[in-house]
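Trainee: I would like to request a close look at a single part of this model, namely one place where two helices pack against each other. Please describe the part in detail and then set it in the wider chain.

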Amino acid sequence: MEFKKEKLVRFYSDGKQQKETLWGKNDSIHLEKSSSTYRNSLPSMVNGVLGARSRLPETCNIGRSKVFSQESTPWYKTILDPGSDIVLQWNRVFIVSCLLALFVDPLYFYLPAVGGDEKTSCVKTDLKLRIVATLFRTIADLFYLLHMIIKFRTAYVAPSTRVFGRGELVMDPKKIARRYLRSDFFIDLIATLPLPQIVIWFIIPATRSSRTDHKNNALALIVLLQYVPRLYLIFPLSSEIIKATGVVTKTAWAGAAYNLLLYMLASHVLGAAWYLLSVDRYTSCWKKECKKEVNTTLCLDCLDCDVFNHDDRNKWASSTKVFNNCDAKDDTFDYGIFKNAVTKKVVSSAFFEKYFYCLWWGLQQLSSYGQNLSTSTFIGETSFAILIAILGLVLFAHLIGNMQTYLQSMTVRLEEWRLKRRDTEEWMRHRQLPEDLKHRVRRFVQYKWLATRGVDEETILRGLPADLRRDIQRPPMFGPCSTCPILLTNG
């Protein structure tokens, strides 16, 4: 009767030297007959990127990826391993910068504001907020640009070599650039372009004239189109972090806070969009009333705060009925869901006052799915309310559901132990054990909980190779587990 020979592979840490051979002497012949892919990939890696053959054990350690570089290669030509710690840390930093960029972009919606006095009003732009938002937005754009540069210098696994093990890394800069240009380059480029800065500092000042009818707020809504690719970049980043470490966040509390942050970010975007549409709805009433006056062009010119103190504007303000007819308290114009922004003077408040009010409004509508909204017959307003209802339902089901899962995972083992303890009590009562044995069983269950906290050690150890179980059995490494039954039987 023949027994099949088993190949025993030992697992070592990065710092431990391999003192034993992994195969016998007879297996060296079999090693020479390996596949052509494996045999041809090693010389290219050693001679092209890794250096001499003698340095191969230092660079190809199992468990921790390295940065592939030659001693004579400049740092800006270094090829990065996609599984290295440098790339992983950069992905974590970049995902935080993406969240900050998603927070900064809606701040441009707060730029238009309503100024004037108690009798007359006008439209103006917050200059301080424009400078601050542009500064932070430019810093975020630099992170996106740096991320594109890193992608051009990051190796990838060849799809044809993923069948066996980890696969072969492609480290040719031309192949990496060609693959990146055909995949995510244009999405990253659109997300990196400084569109808000161009719109706010160049397009709006160039198009502002007496005949623009203050429709420049529509240009700010175009900036929202760039929000989609920036939001999309978070998902592949999260998948890469999960692929490398298994989770995005290391603790359950961090995972719950991450999902709550995304929910608050959606409320922030929704509140900013509601504020911008409120200003646009308020000025649309002014333009409607200006068409009823004799000099329509003069009326539209006087709605700009740049001419607020001019003599012609003061004469027009003393005789016009535009602001009286657009008063939200008289219900002469149906503002719909934007009525609170006009009656409570949110559109003319200071930045922090209107920001927190709009944030609260967005959070309230997302949580209630927009059920308390009283819309008008205006199609744009009704469409916005429908979007709020759908977005609130999806985000509440996904993000809040994930947050609840993270929080429940913190007490799942405690609940399992409580149920197991209840089952033990019922079993002892059914078997009519004496009180002495019951007390001993309760002490053992309590001791096992304090020692393992509900972790099934035997299941974990059973899935490890024999050499790892033998090393764990040694007292200096894992003394309390040296008496585990699975180690005593298999060690």
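Mentor: The crossing of α19 and α20 is right-handed, and this pair of helices is the part I propose to examine. Please bear in mind throughout that the model is predicted. Two packed helices are described by the angle between their axes and the distance between the axes. Helix α19 covers residues 412–431 and helix α20 covers residues 435–452; their axes come within 11 Å and cross at roughly 165 degrees. Because an angle over 145 degrees counts as roughly antiparallel, α19 is described as roughly antiparallel to α20.

Let us turn to the side of each helix that takes part. From α19, the residues in contact are R413, L414, W417, R421, T424, E425, M428 and R429. Their partners in α20 are K438, V441, R442, V445, Q446 and W449. Sorted by class, this contact has 6 nonpolar, 2 polar and 6 charged residues. The nonpolar group includes W417 of α19 and W449 of α20, while T424 and Q446 are the polar residues. Among the charged residues are R421 and E425 from α19, and K438 and R442 from α20.

Between the two helices runs a loop, and Q432 lies in it. The backbone of Q432 has a positive phi of about 55 degrees, although Q432 is not a glycine. With a relative accessibility of 69%, Q432 counts as exposed, because the limit for that word is over 50%. K345 offers a parallel case elsewhere in the chain: this residue, also not a glycine, has a positive phi of about 55 degrees. K345 is found in the loop between α16 (339–343) and α17 (351–368), and its relative accessible area of 55% makes K345 exposed.

A second pair of helices provides a useful contrast. Helix α5 (residues 127–152) and helix α6 (residues 173–182) have axes that come within 8 Å and cross at roughly 130 degrees. These two helices are therefore oblique to each other. On the α5 side the contact involves M148, K151 and F152, and on the α6 side I176, A177, Y180 and L181. By class there are 6 nonpolar, no polar and 1 charged residues in this contact, the charged one being K151.

Helix α5 also holds R137. Although arginine is classed as charged, R137 has 1% relative accessibility and so counts as buried. Leaving aside residues up to four places away in sequence, R137 touches V104, D105, Y108, A191, L193, P194, L195, P196, Q197, Q226 and R230. Another buried residue is I79, with a relative accessible area of 5%; I79 is placed in the loop between α3 (56–59) and α4 (85–104). In sequence, I79 and A155 are 76 residues apart, yet their C-alpha atoms are 6.3 Å apart in space.

Finally, consider the whole protein. The chain contains 24 helices and 4 strands, and buried residues make up 37% of its 491 residues. Of the contacts between residues at least 6 apart in sequence, 67% join residues at least 24 apart. The accessible surface comes to about 30800 Å², and carbon and sulfur atoms account for 61% of that surface.

How values were computed. Residues are numbered from 1 along each chain as its sequence is written. This is a predicted model: local features need pLDDT of at least 70, side-chain atom pairs count only at pLDDT 80 or more; totals for chains, interfaces and linings use all residues. Side-chain values use heavy atoms; hydrogens and water are left out. Axes are lines fitted to C-alpha atoms, for helices over the stretch in contact, and angles run from 0 to 180 degrees between N-to-C directions. Angles under 35 degrees count as roughly parallel, over 145 as roughly antiparallel, 65 to 115 as roughly perpendicular and the rest as oblique. A crossing is left-handed if the near helix is turned anticlockwise from the far one by less than a right angle, and right-handed if clockwise. Contact means heavy atoms within 4.5 Å. Buried means under 20% relative accessible area, exposed over 50%, partly exposed in between (1.4 Å probe, protein chains only). Accessible areas come from the Shrake-Rupley method with a 1.4 Å probe; for residues, only the protein chains shown count as cover.
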